[in-house]
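These are my notebook entries on a structure that I went through element by element. The sequence and model come first, and the entries follow.

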Amino acid sequence: MPVNVQEKIPMGVSSCLLGNKVRYDGGHKHDRYVTETLGHFFDFVPICPEVECGLPIPREAMRLIGDPDDPRLVTNKTGIDHTDKMKSWAAKRLVELEKDNLCGFIFKNRSPSSGMERVKVYDDNKIPQNIGEGIFARAFKKHFPLIPTEEEGRLHDVLLRENFIESVFVYKRWRETLAEGTPGSLVQFHTQHKLMLLAHCEKCFRELGKLVADAGKLDTQEIFEKYQQGLMEAMKIKPTFKSHVNVLQHMMGFFKKVLSADEKKELIEVIETYRNHFVPLIVPITLINHYARKYNETYLLNQYYLKPHPTELKLRNHA
Ligand code: SF4
């Protein structure tokens with residue numbers, strides 16, 4: 001059933017974002033949104049690649065140099081190369097992390113170890129280009145390609161933030177479905193996420209639907225693997241105002257016969273005000289939730305689209 005968060009969801013996080021003094025200069029980069037808001041819902045697993053791989057606090061600052069696809073991690077002044085040390089620690093740590101069942105990771109931006117994208121890589125002429133990935137972040141994404149990842153700086157963008165958190169909740173539910181591992185559990189998962197998928201990517205929604213239709217006929221493991229690839233790819237595509245309006249109108253169709261003329265008019269008006277960016281998504285969603293309960297529309301009540309994450313996170317409150 002749509003969101004019921006009793007237990008906190010395991011989430012990896014760059015340790016300095018929690019306020020831990022692990023940075024090269026002995027400081028931290030405490031992010032209050034992470035600790036004070038997300039902290040109510042996520043159980044953080046802090047990781048500082050530089051300290052965990054054996055470097056001291058404080059330490060000389062580092063940067064990436066050379067080939068952007070396979071850069072070296074070297075200290076700024078003395079030029080000591082820590083790439084191999086970092087890579088061999090990461091290989092072991094990533095295997096250990098498998099048992100933590102992480103459902104997401106929040107990286108510190110711009111770090112040559114933890115930055116997820118647009119990290120500076122210096123060429124032979126010491127000219128930087130913002131095209132790299134931190135050594136650990138790159139290894140993490142390769143080892144756990146399905147786990148949603150985001151950078152702390154980008155979490156301040158409301159659309160990116162909502163998409164990331166929604167993806168984390170989807171991934172958590174997907175893991176539970178995977179643990180069950182039956183064609184029936186896949187059908188149920190897909191059914192309850194139909195409208196969410198439709199908002200993210202109509203093409204993916206249709207392709208995943210076809211896959212699920214064959215759930216009883218083909219090899220179950222193969223279908224689960226294909227489904228999870230398609231699911232997490234779809235979740236990377238951010239919904240738009242237009243795609244949300246499409247889903248809202250689709251939901252309105254379920255009430256065609258039961259709404260009074262006045263209720264119908266009100267719902268149409270609310271969707272229009274959302275379409276014109278005058279009210280946030282939570283406004284039409286609240287009204288539809290209300291009608292779904294009032295008229296006991298069970299298909300809609302079971303849709304995660306109507307409650308994809310805890311209301312307290314206020315992720316749909318921006319116009
Ligand atoms: S950015 Fe990463 S490596 Fe640097 S201090 Fe933070 S957790 Fe450690």
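**Entry 1: A137**

I began with A137 and asked whether it is buried or exposed. In this predicted model, A137 has 27 other C-beta atoms within 10 Å; the cut-off for burial is 20 or more, so A137 counts as buried. I located A137 in helix 4, which covers residues 135-143. Leaving out residues up to four places away in sequence, I found that A137 touches F107, S114, G115 and M116. I also looked up the separation of A137 from I9, which lies 128 residues away along the chain: their C-alpha atoms are 20 Å apart.

**Entry 2: the chain as a whole**

I then turned to the overall figures. I noted that 37% of the 319 residues of the protein chain count as buried. The C-alpha trace spans about 75 × 45 × 40 Å along its principal axes. I counted twelve helices and eight strands in the protein chain. Among contacts with a separation of 6 or more, 64% are between residues 24 or more positions apart.

**Entry 3: domains**

I looked up how the chain is divided and recorded domain 1 (9-153), domain 2 (158-236) and domain 3 (243-313). For domain 1 and domain 2, I read a distance of 29 Å between the C-alpha centres. The contact between them involves nine residues of domain 1 and nine residues of domain 2. On the domain 1 side of this contact I listed six nonpolar, two polar and one charged residues.

**Entry 4: the sheet 2-1-5-8**

I traced an open sheet of four strands in the order 2-1-5-8, and its pairing is parallel. Strand 2 (42-47) and strand 8 (149-151) are the edge strands, and each pairs on one side only. Ignoring direction, I noted an average turn of 25 degrees between neighbouring strands of this sheet. Within the sheet I followed strand 1 (residues 9-14), which is joined to strand 5 (residues 105-107) by two bridges, the two running parallel. Which residue of strand 5 does G12 face? I found F105 opposite G12.

**Entry 5: the sheet 4-3-6-7**

I traced another open sheet of four strands, in the order 4-3-6-7, with mixed pairing. Strand 4 (72-75) and strand 7 stand at its edges with a single partner strand each, so one side of each has no neighbour in the sheet. I recorded an average twist of 50 degrees from one strand to the next.

I checked both senses of pairing here. Strand 3 (residues 62-65) and strand 6 pair in the parallel sense over two bridges, and I identified Y122 of strand 6 as the bridge partner of I65. Strand 6 (residues 119-122) and strand 7 (residues 128-132) run antiparallel and are joined by four bridges. In that pair I saw V121 opposite Q129 of strand 7.

**Entry 6: backbone exceptions**

I next looked for unusual backbone values, bearing in mind that most residues other than glycine have a negative phi and most peptide bonds are trans.

- K126 has a positive phi near 65 degrees. I placed K126 in the hairpin of strand 6 and strand 7, which has five residues between the strands. K126 has 8 C-beta neighbours inside 10 Å and therefore counts as exposed.
- N101 also shows a positive phi, near 50 degrees. I placed N101 in the loop between helix 3 (83-97) and strand 5. With 13 other C-beta atoms within 10 Å, N101 is partly exposed.
- The peptide bond from I57 to P58 is cis, and I read its omega as near -10 degrees. I placed P58 in the loop between helix 2 (49-52) and strand 3.

**Entry 7: helix 5 against helix 8**

Last, I asked at what angle the axes of helix 5 and helix 8 cross. For helix 5 (residues 158-180) and helix 8 (residues 220-236) I read a crossing angle of roughly 170 degrees, with the axes coming within 11 Å. Angles over 145 degrees count as roughly antiparallel, so I described helix 5 and helix 8 in that way. From helix 5 I listed S167, V170, W174 and L178 in the contact, and from helix 8 F224, Q228, L231 and M235. By class, I recorded six nonpolar, two polar and no charged residues in this contact.

Terms used. Residues numbered from 1 in each chain as written. Predicted model: local features only at pLDDT ≥ 70, side-chain atom pairs only at ≥ 80, totals over all residues. Domains from an automatic or database assignment. Contact = placed C-beta atoms within 7 Å. Nonpolar A, V, L, I, M, F, W, Y, C, P; charged D, E, K, R; others polar. Axes fitted to C-alpha atoms, helices over the stretch in contact; angles between N-to-C directions. Parallel < 35°, antiparallel > 145°, perpendicular 65-115°, else oblique. Buried ≥ 20, exposed ≤ 12 C-beta atoms within 10 Å, placed from the backbone. Pairing = 2+ DSSP bridges.
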